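Welcome aboard! Open your viewer and follow along, one selection at a time.

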Amino acid sequence: MTAVLEVNNLSKRFGGIVAVDNVSFTVNDGDILGIIGPNGSGKSTLFNCVLGQLLPSEGSVRIDGQESTGMRPCDLNRLGVSRTFQLLQVFPQLSVRDNLILAGQEHQGSMASRLFGRPDAGLGDAADQMIEFFRLTHLSDEQAGMLSYGQQKLLDAAMAFMAGPRLVLLDEPAGGVNLTMLGLLRERLQAYHAERKATFVVIEDQMEFVMALCTRVLVLAEGKIIAEGAPEEVRRNPAVIEAYLGH
Amino acid sequence: MLRTGFLVSLVAASIGLAGTAHAQQKTVYMPAILELSGAGAVSGTNFRDGMLMAIDEINKAGGILGHKIETPVLDTQSDAGTSRAQLQKVLDNNPYVVFGPVFSGSVLVTQLMTMKAEIPEIVGGEAAAITQKNASYVFRTSFGQQFSMPKIANYIHDSIKAKSVAVVWVNNDFGKGGRDNFTKEMKDRGINVAADISTEVGQADFSADVVKLKGANADAVFVYLNEEESARFLKEAKKQGIKAPLIGETTLLGQKVIDLAGGAAEGVQGHVGLTVDAPIKAVQDFAAKFKARYNYVCDHNGIKGYTGVYFVKYVTEKIGKFDGKAFAEKAHGITITPQEEPGILMEAKWDKNGDIDRESFLGEVVDGKQKIVKTLPMLSKK
Amino acid sequence: MASFIQLMVSGLATGAIYALIAIGFTLLWQTSQTINFAQGEFVMLPAFFVLAAMNMGAPYWLAALIGIALSVVILGVLFKAVIVDPMIRHGVLPLVITTIALSLFLKESVKDFYSSQAQPFPALVAPRDLHFLGAVVSLQSIVVLAVAVATVIGLHLLLNKTRLGRCMQATAQNPTVARILGIPVGRMVLYTFLINGALVAIASLLISPIYLAKFTNGEALGMAAFIAAIIGGFNQVRGAILGGIILGVLDNLSAAYLSSSYRGAFPLVILIAVILFRPQGLLGRVEERAV
Amino acid sequence: MKRFGPLSVAVAAAAAIGLPFLLKPFGVYLISMWAVLTIAAIGLNLTLGYAGQVSMAQGAFVGIGAYTVALLTAAGWPFFPAFILGGALCFVIGWLLGYPALRVQHHYLAFVTLAFNTLVFLVLRNEEWLTRGSYGIAGTDRPSLFGLSTDNARVFYFLCLAILILLSAATWWMLRSPWGRAFVALRENPIRALSLGLDTRRYTLMAFALGSTLGGLAGGLYAPLVQFIEPGSFSLNLSFNLLLMVIVGGSGRFFGPFVGALIAVLLPEWMRVAEGYYLIIYAMLVMVLMVFCPSGVIGLFEKAMKPKKPPAAPAAAAIKAEATPQ
């Protein structure tokens with residue numbers, strides 16, 4: 001079985017600062033990998049390198065065995081790599097439904113077919129299903145900017161799933177979300193995972209969320225991997241405790 | 001729905017209102033479209049002020065054929081498209097004649113329309129092309145460049161006896177037209193154009209241009225710029241010690257430039273077409289009246305506006321009616337002398353193309369004043 | 001060679017004027033994200049304040065002070081309170097439109113209420129020319145250069161060596177953090193508008209004797225100031241002076257040695273090149289971008 | 001579209017068709033100019049309002065289109081091929097002008113496009129062999145359509161109107177296709193758009209190219225409308241004016257350019273009663289409009305149409321107090 005995501009000896013330096021230091025790991029089909037670590041440990045930089053937003057200084061990234069280092073985010077996305085953002089990143093002036101259609105429309109046809117084809121790019125039904133899956137049906141025609149923070153987080157996740165991705169990278173999905181909404185979000189992510197056998201990588205600070213959701217956890221500190229394993233194992237790892245308390 | 005309806009009605013109202021009624025008793029509608037804003041604002045306001053002064057005088061004295069002149073002044077924003085719009089607006093109200101515009105481009109776009117409508121257009125433009133388009137209803141109020149440039153050329157050839165000449169010009173339609181006519185005349189006379197220097201409207205720093213001039217080492221320098229630029233150029237030329245005679249056409253020798261250049265204009269010479277400094281009492285009286293009324297010294301555009309109105313008055317009184325077609329017929333080939341019509345200031349003759357012929361002058365700046373050294377006769381009297 | 005020096009010296013003097021105008025432009029941008037399309041008209045206007053005061057009988061020095069004061073109040077305080085403050089939260093574009101309208105308003109007002117004619121303007125110094133390595137330079141240009149450099153040094157000292165200046169810089173770099181640090185951000189922004197008001201008045205006093213006071217003066221000046229500010233670095237006061245001088249010298253050299261009818265094009269080409277390849281400007285720092 | 005309702009659109013359409021029969025030639029010229037400028041403003045609204053790419057060069061594209069048509073028809077080409085070619089040329093140049101937008105945004109992009117506009121002006125003025133320089137080109141003929149001459153002002157207006165309707169329908173079609181959604185995404189959050197598979201480069205260039213094409217097509221009508229073009233007509237001023245139309249009308253709103261162009265064409269005309277001071281008043285009105293409704297006239301309507309929350313008590317009292325006669 002090939003790994004969905006393979007990161008080999010990846011490093012990223014900004015001037016003299018090493019943000020990510022020789023990191024390697026793999027994510028297998030159906031995994032939910034959590035990446036945790038104290039602030040400034042290089043989680044987001046690692047994410048951005050994997051996703052093509054930053055060019056790694058060294059090392060390589062492979063998606064399904066295919067070399068993807070340095071690919072543009074839009075090309076990566078069309079390979080089936082999808083993501084959410086730490087800060088809210090929906091399109092506030094588009095309706096919820098349009099946000100979702102947008103998230104899928106670039107995955108089919110050509111520029112020309114998108115211009116001359118159907119306005120909803122044939123994604124209307126899929127969008128409605130996704131809206132229902134994330135319990136947003138009553139808000140379908142609402143402008144995304146009018147939604148509550150938690151609802152926008154749900155929408156953000158829904159958008160990441162819209163194109164039926166092979167791999168989804170979730171950047172702090174739980175950040176700033178209230179408890180009720182958090183439960184719903186986790187429950188929906190798990191449901192999606194169970195239903196579609198999707199592969200997730202999650203960056204998260206909130207331990208409970210990670211422990212409940214992830215099948216495997218990877219701990220970063222100062223740009224290096226200091227621990228890796230099942231959630232319970234990692235929680236007991238003295239190096240991890242040290243890293244968190246040391247800060 | 002209501003709002004759109006409201007908007008539409010506003011639009012309709014505004015366009016409907018655009019032409020206010022002019023059909024009051026005993027007035028004649030002679031609108032003006034002029035460059036009151038934009039690049040031509042100085043020319044346009046001068047023309048307007050001269051024109052309005054003449055109109056006030058005539059109206060005070062009872063008008064033309066007993067009709068008071070009604071002259072709304074519309075702004076073209078120095079833009080051809082807007083000129084066309086404004087002309088269309090006044091044409092809709094059946095004017096007798098139209099004054100302006102001054103910018104050649106705007107004249108070119110409007111003269112085709114006035115010709116179609118058979119309405120005389122008294123313009124301030126100087127580009128040669130204006131009267132070369134068979135637009136039989138356009139009348140100039142000053143020399144076209146095809147007449148003024150030969151006079152300059154003769155002067156450079158006969159008096160200065162230059163073998164080579166440099167030309168500094170402002171790169172707009174006015175300057176370009178002058179430069180093209182000038183270089184053609186130079187070529188005809190076998191004079192070499194050693195440097196051909198284009199400058200920008202509103203240019204402040206002429207050091208590069210003067211450096212180039214010095215490098216060209218020509219026997220004479222012909223300067224064809226607007227007033228402020230002329231003054232700035234003269235200052236820089238003096239600073240860098242240009243020795244060759246500086247020759248100008250009308251603007252360069254104007255009192256305005258002399259004042260602005262503050263001493264740097266000393267010794268400048270050239271041809272003066274229309275000037276408030278002409279050695280003619282009527283012109284000087286006009287200049288004084290103008291200064292008293294508007295508190296600034298009028299340039300040649302002011303004279304254009306002023307004499308343009310008297311030109312219309314004279315021709316109209318000759319034909320005895322307000323009829324544009326008859327006006328055009330009568331005006332082609334007419335000669336007006338100050339004895340017959342004092343407001344014309346100087347004897348003037350209009351030919352079949354609408355080109356004007358007047359006396360003009362050769363002058364020189366001496367002791368901060370323009371001094372006329374020679375009067376050039378009218379072309380038709382040679 | 002003499003002519004080359006001549007071009008450099010003249011370009012330097014013109015560039016200093018551009019720099020002076022560009023500095024204020026840069027300051028406004030830094031502290032309030034205001035792209036002031038009326039900056040050129042701001043320089044045109046104070047000369048008329050001075051002329052109006054002199055027409056009422058004030059001596060030159062008093063008229064100049066009145067001009068600077070009026071400029072600080074009208075182009076500084078009023079401009080900020082009436083136009084920038086209500087608009088700034090609506091983004092850059094409505095404000096751009098407003099300043100374009102403002103420039104039309106100022107231009108037309110001067111034309112209609114003062115005069116459409118260029119006005120001679122009293123010089124700060126006697127019209128004397130100095131000879132220098134075969135080049136001639138007017139005393140006036142030297143004064144312009146000196147004042148511009150002195151202003152920039154003064155401003156630099158103010159911004160970097162005083163508490164007030166550091167507060168202003170903090171405000172420019174990150175208003176949120178500045179506010180947390182207890183800096184009265186609103187007042188700091190106001191100060192930059194006051195400084196701009198004073199700078200344009202000084203520029204006006206310096207250049208009007210050379211340019212003559214005319215309502216259209218702002219058109220070319222405003223554009224030159226933009227270009228200077230961007231070439232030098234939009235977020236650097238020092239950059240503005242470098243940009244201004246490059247522009248002045250470049251303009252002269254290209255007009256003399258390349259093409260006079262395309263002289264306007266060279267600064268624009270440089271501008272585009274700088275924006276594309278070094279958008280922070282020659283002396284600017286890279287602005288942090290939030291992803 | 002939804003907000004305005006088909007009824008108001010119908011009323012506007014009826015007015016657009018009926019007005020020329022009620023107006024004098026000046027009025028017809030004015031609404032023809034409105035139609036032409038609206039086309040250019042729709043283009044800018046596409047680039048700026050929908051796709052969020054600041055362009056201050058729309059006037060240059062109007063110029064390129066106008067010169068293409070004027071020069072080609074003078075050389076004997078029929079109008080429509082020249083018109084289409086002008087648009088195509090602007091598509092290509094607009095596409096190229098989009099490249100800087102891939103590197104810089106916002107004010108930097110504004111200055112790049114502004115510089116481009118002035119460069120185009122300089123080329124139009126200096127390359128006399130091609131453009132006849134500052135003399136301009138006079139007398140571009142009005143086209144004839146299936147043997148029907150449009151020399152008549154009213155007929156020409158209907159040609160302009162027909163092209164306006166055609167182009168705005170096409171724009172509307174495009175805006176409701178996935179492209180329209182992509183353009184808005186580009187404006188609102190290019191980074192997120194990129195992560196959703198949007199080739200933001202291609203859409204950015206396309207936004208510039210399409211907006212510029214509309215500018216060029218507007219220019220193609222401008223030349224036979226005014227029948228005189230010169231480089232000065234397409235300087236920064238025109239770009240500023242078009243920008244003003246888009247912002248004042250309501251940027252990123254479909255009907256914004258229609259209203260904006262109407263205001264820009266008519267407001268100075270209304271103000272002319274103030275004679276010499278009309279531009280001062282016009283400038284003041286624009287400033288006031290921007291201060292009080294920065295989202296433009298359409299934005300103001302939208303605000304007015306939204307069900308209002310009951311005003312807070314003091315405000316209500318104040319309104320009452322004002323309404324009561326003294």
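Start by colouring chain B by confidence: its pLDDT (the predictor's confidence in each residue, from 0 to 100) averages 88, and 93% of the residues score at least 70. Before you go on, know that this is a predicted model, where local features need pLDDT of at least 70, side-chain atom pairs count only at pLDDT 80 or more, and totals for chains, interfaces and linings use all residues. Residues are numbered from 1 along each chain as its sequence is written, while chains are lettered from A and ligands numbered from 1 in the order in which they are written.

**Stop 1: the two ends of the confidence scale**

Select residues 2-17 of chain B: this is helix α1, where confidence in the chain is lowest, at a mean of 46. For the other extreme, pick strand β5 (residues 98-99) of chain B, at 96. Now widen the first selection to residues 1-24 of chain B, where pLDDT stays under 50. The model has 35 contacts beyond four places in sequence for this stretch; two residues are in contact if their C-beta atoms, placed from the backbone, lie within 7 Å.

**Stop 2: chain B as a whole**

Switch to a cartoon view of chain B, with its 12 helices and 17 strands. Helices (H or I, at least four residues) and strands (E, at least two) are DSSP runs, numbered from the N terminus. How many of the 382 residues of chain B count as buried? The share is 60%, with a residue called buried if 20 or more other C-beta atoms, placed from the backbone, lie within 10 Å of its own.

**Stop 3: the two domains**

Colour domain 1 (25-143 + 282-350) and domain 2 (146-272 + 360-381) of chain B separately; these bounds come from an automatic or database domain assignment. Their centres, taken over C-alpha atoms, are separated by 28 Å. Where they touch, domain 1 of chain B provides 11 residues and domain 2 of chain B provides 14 residues.

**Stop 4: where chains C and D meet**

Finally, show chains C and D: 31 residues of chain C are in contact with 30 residues of chain D. On the chain C side, the elements giving two or more residues are α3 (60-87), α4 (92-113), α9 (217-232) and α11 (265-277) of chain C. Highlight α4(C), which gives the most, with 13 residues.

Technical notes: Buried ≥ 20, exposed ≤ 12 C-beta atoms within 10 Å, placed from the backbone.
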